[in-house]
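Please look through the structure shown here, with the sequence at hand. The paragraphs after it explain how parts of the chain are held against one another.

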Amino acid sequence: MIVYKKKDWFSAIWHFHTGPTARRLVRRLIIVFIYVLVITVVELNYVDLRLKDTPASFWGAMGILLSLLLIFRTNTAYDRFYEGRRTWGVLVNNCRNLAIYFNAVFPADDTENRLFFARTIANFPFALRNHLRDVKTLDDLEETEEMPENQSLEEFDHKPAGVSSQLRIRTETLYRKGYLSNSQHINVNGYLTTLMDVCGICERIKSTPIPFSYQLFIRLFILLYVAVLPFTVIDFYGYLTIPAVVLTSYILVGLEMIGEEIEDPFGLERNDLPLSQLSQLIRVNVHDILQIPLPHVEKQAAKPGFTVVS
C-alpha cells in the first residue's frame, strides 16, 4: 500500500505515473494513439469514413452507459478492498483482546504459557498473509515449543488452520488441567473461532473474483467505444481528434485497470493492503501485552511522502 500525503496533489500525480499499473496503461495508450493517428490521417486526406448520420445523442447515451458500468465496476472492486481491510481490522482487535485475556488469566511468573501464546497468536496473521499470497513457507513465523499433543505447522497444508489448531489444543489442555474456568473457556473459544472466521472471509474475497463475463463485457464495450469514437468527433476536432481520443481512453482504461488492481486486496501490488505491516503490528502488540520481550523488531512507521509497504 502507498502511504502518502492527502493534500499533496502534484506529487501524487507524479508518483502514480511511476508505478507498474501506469506503465501498463501507457503501453495501451500508445496502441490507441497509433490507431487514432492512422484513422485521422486517412479520414482527413484520403477516404471519408465519418459517421455523419448518427445522432450525437446516441453517442452521448453510449458514453453515459459506459460511465455507469465503470462506476459500478470501480465501486465493486473498492467494496472488496474495504471489506478486506475491515476484516484485517477485526483480526487486529481480536488478537489484542485474546492477548489481554490471557494476560489477565496467567500470573506474571507463568513465562511458559505467556511465551507460547504470545508467539502463537502473533504467528496467525503471518500465516494468514502467506496463505493469501500463496506462500507455503514458514517465513516470519516464530518457533513455539513442541507439545506432545500439538502437531508441527509443517504438517499442515493450511497454515492458518494449523496455528489455530495449536491455540485450540493448548487452550483445551489448560482447561482440563484447571487453569481456565468454564466461563473463561467459553470466552476464549469465541476469540479462537473469530480467527478462522477472519480467514474464511479473506479466502472468500480472494477466491471469488469479478465474474469473467461481466469483466469481458466492460472491456469489449471500452474497446468498441474507443474504436468508433474517432469517426464521430473528427468533424468537430480535426487533428485534435488524436489527443481527445487518447485522453478519453486514458480515463476509461485507467478506471478499469484501477478496479482490476484493487479487487484482490491481498497481493503485492502498490495499492494492495499492507499485510506485512499489519501482521508486525499485531506481533508487537501481543508481545507487549503478554510482557514477553521481542528482540530484533523492525518497526515500520508511516512516514510523510510516498512510501510503499507490503
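What follows treats the nonpolar cores, then the aromatic rings, and finally the charged side chains. The model is a predicted one.

A suitable place to begin is the interior. In soluble globular proteins, nonpolar side chains tend to be buried together. In this model the largest nonpolar core holds 44 residues, and Trp88, Leu91, Phe117 and Leu128 touch the most other members. The elements that give two or more residues to this core are α3 (56-105), α4, α5 (159-176), α6 (182-207) and α9 (275-289). Helix α3 gives the most, with 11 residues. A second core, separate from this one, has 18 residues, among them Leu25, Leu29, Ile222 and Leu229.

Trp88 shows how one such residue is surrounded. When neighbours within four places in sequence are left aside, Trp88 is in contact with Pro125, Leu128, Arg129, Leu132, Cys202, Phe266, Leu275, Leu278 and Ser279. Two of these names appear again in this account: Leu128 is among the core residues that touch the most other members, and Arg129 takes part in a salt bridge with Asp140.

The aromatic rings come next. A pair of aromatic rings is described by the distance of the centres and the angle of the planes. The model has 9 aromatic pairs. In one of them, Phe102 and Phe117 are stacked, with 4.0 Å from centre to centre and 25° between the planes. Because Phe102 lies in helix α3 and Phe117 in helix α4, this pair ties together parts that are 15 residues apart in sequence. Are these two rings buried or exposed? Phe102 is buried, with a relative accessible area of 1%, and Phe117 is buried as well, at 0%.

Phe117 also takes part in a second stacked pair, this time with Phe106; the centres are 5.6 Å apart and the planes form an angle of 25°. Here the link runs from the loop between α3 and α4, where Phe106 is found, to helix α4, which holds Phe117, and the two residues are 11 apart in sequence. Phe106 is likewise buried, with a relative accessible area of 3%. Ring pairs link Phe102, Phe106, Phe116 and Phe117 into a cluster.

Phe106 leads on to a charged residue, Arg114, since Phe106 is among the residues in contact with Arg114. Arg114 is found in helix α4 (residues 111-132). What is the nearest side chain of opposite charge to Arg114, and how far away is it? It is Asp110, at 6.7 Å, and Arg114 is buried yet has no salt bridge. A salt bridge requires the nitrogen and the oxygen to be within 4 Å. Arg114 does have a polar partner: its side chain and that of Asn103 are joined by a polar contact of 2.6 Å. Beyond its neighbours within four places in sequence, the contacts of Arg114 also include Pro107, Ala108, Ile289, Leu290, Gln291 and Ile292.

Other charged residues do form pairs. Side chains of opposite charge can pair when their charged atoms come close. The model has 10 salt bridges. One of them joins Glu142 and Arg119, whose closest N and O atoms are 4.0 Å apart. Glu142 lies in the loop between α4 and α5 and Arg119 in helix α4, 23 residues apart. Glu142 is buried, at 18% relative accessibility, whereas Arg119 is partly exposed, at 28%.

The loop between α4 and α5 provides further partners. Arg129 and Asp140 meet in a salt bridge of 2.8 Å, N to O. Arg129 belongs to helix α4 and Asp140 to this loop, so the pair ties together parts 11 residues apart in sequence. Arg129 counts as buried, with a relative accessibility of 7%, while Asp140 counts as partly exposed, with 42%. Lys206 and Asp134 form another salt bridge, with a distance of 3.6 Å from N to O. Because Lys206 lies in helix α6 and Asp134 in the loop between α4 and α5, this pair ties together parts that are 72 residues apart in sequence. Lys206 is partly exposed, at 28%, and Asp134 is exposed, at 54%.

Salt bridges may also be joined to one another. In this model, Arg73, Arg219, Glu256, Glu260 and Glu263 are linked in a network of salt bridges.

Key: Residues are numbered from 1 along each chain as its sequence is written. This is a predicted model: local features need pLDDT of at least 70, side-chain atom pairs count only at pLDDT 80 or more; totals for chains, interfaces and linings use all residues. Side-chain values use heavy atoms; hydrogens and water are left out. Helices (H or I, at least four residues) and strands (E, at least two) are DSSP runs, numbered from the N terminus. Buried means under 20% relative accessible area, exposed over 50%, partly exposed in between (1.4 Å probe, protein chains only). Lys and Arg count as positive and Asp and Glu as negative; His and the chain ends are not counted. A polar contact is a pair of N or O atoms within 3.5 Å; within protein, one must be able to donate a hydrogen and the other to accept it, and residues adjacent in sequence count only if both atoms are side-chain atoms. Contact means heavy atoms within 4.5 Å. A nonpolar core is a set of buried Ala, Val, Leu, Ile, Met, Phe, Trp, Tyr and Cys residues joined through side-chain atoms within 4.5 Å. Rings of Phe, Tyr and Trp (its six-membered ring) pair if their centres lie within 6.5 Å; planes under 30 degrees apart count as stacked, over 60 as edge-to-face and the rest as tilted.
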